[in-house]
Structures are given as C-alpha cells and as structure tokens.
Amino acid sequence: MEFQNLFPVWEQLSPKQQSRILGSVTLRRMEKGSLIHSGSGECAGLLLLKSGQLRAYILSEEGREVTIYRLFERDMCLFTASCILRSIQFDVSVEAEKDTEFWLIPAEVYKALMSESAPVANYTNELMASRFSDVMWLIEQIMWKSLDRRVASFLLEESALEESSELRVTHERIANHLGSHREVITRMLRYFQNEGMVQLSRGKILLVDRDALEKLQEGRTE
C-alpha cells in the first residue's frame with residue numbers, strides 16, 4: 001500500500017501539493033514496545049500508519065499510564081506534531097504495541113498544507129474532534145464505570161483485536177492501559193478466575209466464559 005492510497009484527502013490536493021508531501025515523507029519501522037513519542041514537547045511530525053498498532057497514552061503525576069486511544073492501519077496520529085496544535089495542553093506519549101510501519105510527515109510541511117488546503121484543514125479539525133471525543137469517553141469510563149466492567153471490556157477488546165480467546169498480556173500491561181495498579185488488576189483477574197470467566201497462567205489469560213464477561217461489561221446481572 002502506497003502513501004497516496006492511505007492519505008485521506010490525497011485526491012483533493014493539487015499536483016504541486018502532492019509532489020511536495022511525497023518528497024518530504026519518510027517510511028519508518030518500529031519494533032513492538034518501542035517508544036515513538038515521549039510527550040515531552042517533541043514535534044516530530046504526523047504519523048500515517050501503513051501497518052501495525054500504536055497506543056497513545058498519558059502519564060499521571062505518580063507515573064501511572066492510561067491509554068486514551070489506539071491507532072491502526074490508515075489511522076493518523078496528530079499528537080506527535082503538537083507544535084502545530086496549539087490547543088493541546090497535555091503531553092501524550094505514543095508506543096508501538098506491535099511491529100509497526102508508518103510514514104512520518106514533517107510538521108512544517110503539514111502545517112503549510114493546512115494553511116493552503118481547505119480539505120486538509122477540515123480533515124485535521126474532524127480528526128482532532130474525534131480524538132478529543134475519545135478522551136472524553138475515557139474520562140466518563142474512569143469516573144462512572146466500575147473497574148471490573150472496564151477490565152472485562154479490555155479483555156473482550158483484546159480478544160477481538162487478536163482474534164483469539166488466549167491473550168498474551170501481563171497484569172502490568174492491563175494496569176497501564178486502564179490507569180490502575182498491577183496489584184489491583186491481579187486481584188480483579190483472580191476474582192474473574194474464581195467466577196469461571198477466565199483462566200490465568202504466566203503471561204497468559206484465557207477467556208473461558210465470554211457471555212459472563214459481556215454481561216459484566218454491559219452491567220447486566222441476570
């Protein structure tokens with residue numbers, strides 16, 4: 001898949017704009033677990049995913065992580081170019097959850113495109129609105145949804161992404177996604193195991209009773 005096949009408003013750019021962006025983008029490869037953006041004021045540019053999976057997260061003052069959203073093929077990451085998004089008042093870090101390939105669009109090139117092209121500016125504004133909706137949804141989950149329901153949701157989401165009922169994920173990793181502590185997640189998973197919903201082993205979680213997890217996720221008791 002080529003860059004021009006994935007860039008959302010490619011056909012609405014002029015030939016000159018297309019040539020400029022093609023001449024500036026670079027294809028990068030990052031291994032699973034690599035930190036791509038540290039959230040410390042960097043402005044590397046925008047990322048357009050060719051393949052793989054990224055996680056965007058924020059850190060609390062105590063150093064606890066919480067995932068705000070994930071990125072997949074065709075998704076674009078704006079927060080790695082914070083210098084062109086003046087409204088951002090918090091640091092976002094980005095890491096590779098899987099081996100990932102992405103195109104890096106230099107911030108100055110994209111900023112120029114935004115000033116010249118209404119389709120690019122409109123797309124960027126729509127994407128920013130979508131990302132902030134993700135953040136607001138996360139805040140709502142943390143404030144109003146119990147941890148057992150959030151853990152059940154995470155397990156079901158992971159199962160769908162991996163297309164497997166056997167998850168290779170640590171308790172620490174789940175805690176980082178949900179903004180919790182490893183010990184709390186361990187206790188919750190042991191409770192799930194006692195209830196027959198999962199089976200735990202070293203570095204693995206097997207989903208045994210998906211119906212029970214779905215009921216828990218939805219808050220149904222019957």
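**Exercise 1. Which residues does Gln217 touch, not counting residues up to four places away in sequence?**

Keep in mind as you work that this is a predicted model.

*Step 1.* Find Gln217 first: look in helix 8, which covers residues 210-218.

*Step 2.* Now list the partners. Gln217 touches Lys145, Arg149, Ala152, Ser153 and Leu156.

*Step 3.* For contrast, pick Leu59, which is 158 residues away from Gln217 along the chain. The C-alpha atoms of Gln217 and Leu59 are separated by 25 Å.

**Exercise 2. Decide how Gln217 and Ser153 should be classed by their accessibility.**

*Step 1.* Start with Gln217. Its relative accessibility is 24%, so Gln217 counts as partly exposed.

*Step 2.* Move on to Ser153, which sits in helix 5. Buried means under 20%, and Ser153 counts as buried because its relative accessibility is 15%.

*Step 3.* Check the contact from the other side. With neighbours within four places in sequence left aside, Ser153 is in contact with Lys145 and Gln217.

**Exercise 3. Work out how the open sheet is put together.**

*Step 1.* Here's the background: strands of a sheet pair through backbone hydrogen bonds, either parallel or antiparallel.

*Step 2.* This sheet has four strands, and their order is 1-8-3-6, with antiparallel pairing. At the edges you find strand 1 (26-30) and strand 6 (76-77), each of which pairs on one side only.

*Step 3.* Zoom in on one pair. Strand 3 (residues 46-51) and strand 8 (residues 100-105) run antiparallel and are joined by five bridges. Across from Leu49 you'll see Phe102 in strand 8.

**Exercise 4. Find the largest nonpolar core and follow one of its residues.**

*Step 1.* A quick reminder: in soluble globular proteins, nonpolar side chains tend to be buried together.

*Step 2.* The largest nonpolar core has 42 residues, and the ones with the most contacts inside it are Phe3, Phe7, Ile21, Met76, Ile105 and Tyr110. Helix 4 gives the most to this core, namely six residues.

*Step 3.* Follow Ile105. Leaving aside neighbours within four places in sequence, Ile105 is in contact with Phe3, Phe7, Ile21, Val25, Gly45, Leu46, Met76 and Tyr110.

*Step 4.* Don't stop there: another core lies apart from the largest one. This other core has 20 residues, among them Leu167, Met188, Met197 and Val198.

**Exercise 5. Describe the two largest pockets and what lines them.**

*Step 1.* How do you spot empty space? Rolling a probe the size of a water molecule over the atoms shows where it is left.

*Step 2.* The largest pocket holds about 380 Å³ of space. It is lined by 15 residues, and closest to its centre are Thr67, Trp137, Leu138, Glu157 and Leu178. Strand 5 (65-71), helix 4 (118-144), helix 5 (147-162) and helix 6 (171-178) each give two or more residues to this lining.

*Step 3.* Sort that lining by class, and you get six nonpolar, four polar and five charged residues.

*Step 4.* The second largest pocket holds about 320 Å³. Its lining has 17 residues, with Lys32, Glu97, Glu158, Glu162 and Arg168 nearest the centre. Two or more lining residues come from each of helix 5, strand 9 (166-167) and helix 6, and helix 5 gives the most, with three.

*Step 5.* Sort this second lining too: four residues are nonpolar, four are polar and nine are charged.

Note on methods. Residues numbered from 1 in each chain as written. Predicted model: local features only at pLDDT ≥ 70, side-chain atom pairs only at ≥ 80, totals over all residues. Heavy atoms only, no water. Buried < 20%, exposed > 50% of the residue type's maximum accessible area, 1.4 Å probe, protein only. Contact = heavy atoms within 4.5 Å. 1 Å grid on protein atoms, 1.4 Å probe; cavity = no way out; pocket = protein on both sides within 12 Å on 5 of 7 lines; lining within 4 Å. Points joined across faces, edges and corners; volume = space filled by probe spheres on them. Nonpolar A, V, L, I, M, F, W, Y, C, P; charged D, E, K, R; others polar. Pairing = 2+ DSSP bridges. Core = buried A, V, L, I, M, F, W, Y, C linked by side-chain atoms within 4.5 Å.
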